[in-house]
Amino acid sequence: MENIKQYVQANKERFINELIELLKIPSVSADSAYAHDVVSTAEAVKASLEKAGCDFVELCETPGYPIVYGEKIIDKNLPTVLVYGHYDVQPPDPMELWTSPPFEPVIKTTEIHPEGAIFARGACDDKGQMYMHVKAFEYMIQNNCLPCNVKFMIEGEEEVGSKSLGWFVERNQEKLANDVILISDTGMISNQQPSITTGLRGLSYVEVEVTGPNRDLHSGLYGGAVANPINVLTKMIASLHDENNHITIPGFYDKVEELSTEERTEMAKAPFSLENYKKALDIEDIYGETGYVTNERNSIRPTLDVNGIWGGYTGEGAKTVIASKAFAKISMRLVPNQDWEEITELFKKHFESIAPKAVKVKVTPHHGGQGYVTPIDSVGYKAANKAYTETFGVPAIPVRSGGSIPIVALFEKELKSKTILMGFGLDSDAIHSPNEHFGIFNYLKGIETIPLFYKYFVEMNK
């Protein structure tokens, strides 16, 4: 694999242009208005796998959007790597905050990305990172250096809970049999210091609805005499944290994994500047659970956050109204051992219990998933670390992520294999936000690094 760098440089413009074409398709899985585009993206991914060198590629129908499956089996006695990614993207809203249209990719230079970054929805999460694997596979095929079998499973519902993926995995265990699962849907510390995500938080996502009077009311005639659902909802939400930002739901922390002092000390070795963190977010100070530092609050501790809240009149000008209903979407990030379904039920029971009799409360679960931890003494982790060390010049640091990829726990349960999370994005890439982007350096470095994982994984399994 000595010529991987030359291959990447020789094909750099083509690699970038191919990704840009993929990013132009608005594959927003959360909005049915984009259904045709989501399917079109699946077809584009299928075509790219065929062109890269898979012997067999198909669009697998599911109860939802199709899963793109591809494979290259060179010897059944050799190890098999299963690559997972997703082709769907988050909604682009709020549109007015984008500096360029979300589905018209442009390359801009930034302080962090002097070589340029592609600005578009899905650039980093996950089209750019998924496509690195397609191009890395292409390199190994073109240069006759693929050392093992490869299977691809690229889905279209990750951003809405991956319900169809669970359905598909349960029914295709033999088809998906593998020795290790490789995913690039996470990040790393910096372009100078790679890291490997060894832990993911779980997720419970719910929507709450508070109903007061049977219709909107005049706030002058009824104000002060009838419960205002918006007022009530905000009070209920505020009560979910105490003065130490500790979540007040009874039983919420019962199964929370408490890391040892030694483990927390290891985590603290990761480079981190609090001042740079605050500067990047344009905030005066940090905020969170008492007793934990920033990198612990956003990775090894559970959280509860309001993701959206609405009700009443929000148009231009004034309308003196007491709304009949108020709504909020709430997500809880969970740590290993916390069961998302159990936490959802605890939330529902508590939220209903704190509502005054003057209103009715409805809690609707949306989706969720379990947390995950992968051991750093596994062959997969060691192979990934060796690959990063070779391309970046320094070893990777194991880190726990605050994000959630619920299907990782599903994979271990159903396929009985470990997942290695080789992310190449950065925290500053604005995933799920306006102006999402992915560095050209990161994209190409991923293509350069991934083939080395295959090489070392096979060597270490001999």
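Is H432 buried, partly exposed or exposed? Select H432 and look: at 40% relative accessibility, this residue counts as partly exposed. Keep in mind as you go that what you have open is a predicted model.

**Stop 1: the loop between β17 and β18**

You're already in the right place, since H432 is found in the loop between β17 and β18. Check the backbone there: H432 has a positive phi of about 70°, although it is not a glycine.

Now select N435, which lies in that loop between β17 and β18 too. N435 is not a glycine either, yet its phi is positive, about 65°. How does N435 count, buried or exposed? Its relative accessibility is 15%, so N435 counts as buried.

**Stop 2: a pair of rings**

Stay with this loop and pick F424, then add Y388 from helix α12 (residues 379–392). Two aromatic rings are described by how far apart their centres are and by the angle between their planes. Here the centres of the Y388 and F424 rings are 5.2 Å apart and the planes are at 35°, so this pair is tilted. F424 sits in the loop between β17 (419–421) and β18 (437–439), so the pair ties together parts that are 36 residues apart in sequence. Both of these residues, Y388 and F424, are buried.

Widen your selection to include F392 and F441. Together, Y388, F392, F424 and F441 form one aromatic cluster. How many aromatic pairs does a search of the whole structure find? The search finds 15.

**Stop 3: charges over rings**

Some rings have a charged neighbour instead. Show K108 and F119: the charged end of K108 sits over the F119 ring, 4.6 Å from its centre. Next show K175 and Y69, where K175 lies over the face of Y69, at 4.7 Å from the ring centre.

**Stop 4: helix α13**

Select residues 407–415, which make up helix α13. Why can this helix be called largely enclosed by the rest of the structure? Because 7 of its 9 residues are buried. To colour them, pick I407, V408, A409, L410, F411, E414 and L415. Then step on to K416, which follows α13 and has a positive phi, near 60°.

**Stop 5: the second largest pocket**

Keep α13 on screen, and turn on a surface if your viewer has one. The second largest pocket has a volume of about 440 Å³. Its lining is made of 18 residues, and W340, G368, G369, P406 and L410 lie nearest its centre. Which element gives the largest share of that lining? It's α13, with 5 residues. At least two lining residues each come from α5 (163–171), α11 (340–353), β14 (360–369) and α13. Sorted by class, the lining of this pocket has 5 nonpolar, 7 polar and 6 charged residues.

**Stop 6: the cavities**

A probe the size of a water molecule, rolled over the atoms, shows where empty space is left. The count here is 2 cavities of 30 Å³ or more.

Start with the largest cavity, which has a volume of about 50 Å³. To see its lining, select G251, F252, D254, K255, N337, Q338, D339, E342, I343 and L346. That lining divides into 3 nonpolar, 3 polar and 4 charged residues.

The second largest cavity has a volume of about 30 Å³. Select G199, L200, R201, S299, I300, V335, P336, R400 and S401 to see what lines it. By class, you get 4 nonpolar, 3 polar and 2 charged residues there.

Now select residues 199–357. An unreviewed UniProt entry annotates this stretch as "domain: Peptidase M20 dimerisation". Over these residues the chain is 30% helix and 22% strand, with the end C-alpha atoms 42 Å apart.

**Stop 7: two cis peptide bonds**

Which residues should you pick to see a cis peptide bond with omega about -5°? Pick D93 and P94, which that bond joins. P94 has its place in the loop between β3 (80–86) and β4 (106–108).

Another cis peptide bond joins D125 and D126, with omega about 0°. D126 lies in the loop between β5 (117–119) and α4 (127–142).

**Last stop: L49**

Finish in helix α3 (residues 35–52), where L49 is found. L49 counts as buried, because its relative accessibility is 0%. Add G70 to the selection: the two are 21 residues apart in sequence and 6.8 Å apart in space, C-alpha to C-alpha.

Terms used: Residues numbered from 1 in each chain as written. Predicted model: local features only at pLDDT ≥ 70, side-chain atom pairs only at ≥ 80, totals over all residues. Heavy atoms only, no water. Phe/Tyr/Trp six-rings, centres within 6.5 Å; stacked < 30°, edge-to-face > 60°. Helix = DSSP H or I, 4+ residues; strand = E, 2+ residues; numbered from the N terminus. Buried < 20%, exposed > 50% of the residue type's maximum accessible area, 1.4 Å probe, protein only. Lys NZ or Arg CZ within 6 Å of the ring centre and 35° of its normal. 1 Å grid on protein atoms, 1.4 Å probe; cavity = no way out; pocket = protein on both sides within 12 Å on 5 of 7 lines; lining within 4 Å. Points joined across faces, edges and corners; volume = space filled by probe spheres on them. Nonpolar A, V, L, I, M, F, W, Y, C, P; charged D, E, K, R; others polar. UniProt positions renumbered as here; feature names shortened; annotations may be inferred.
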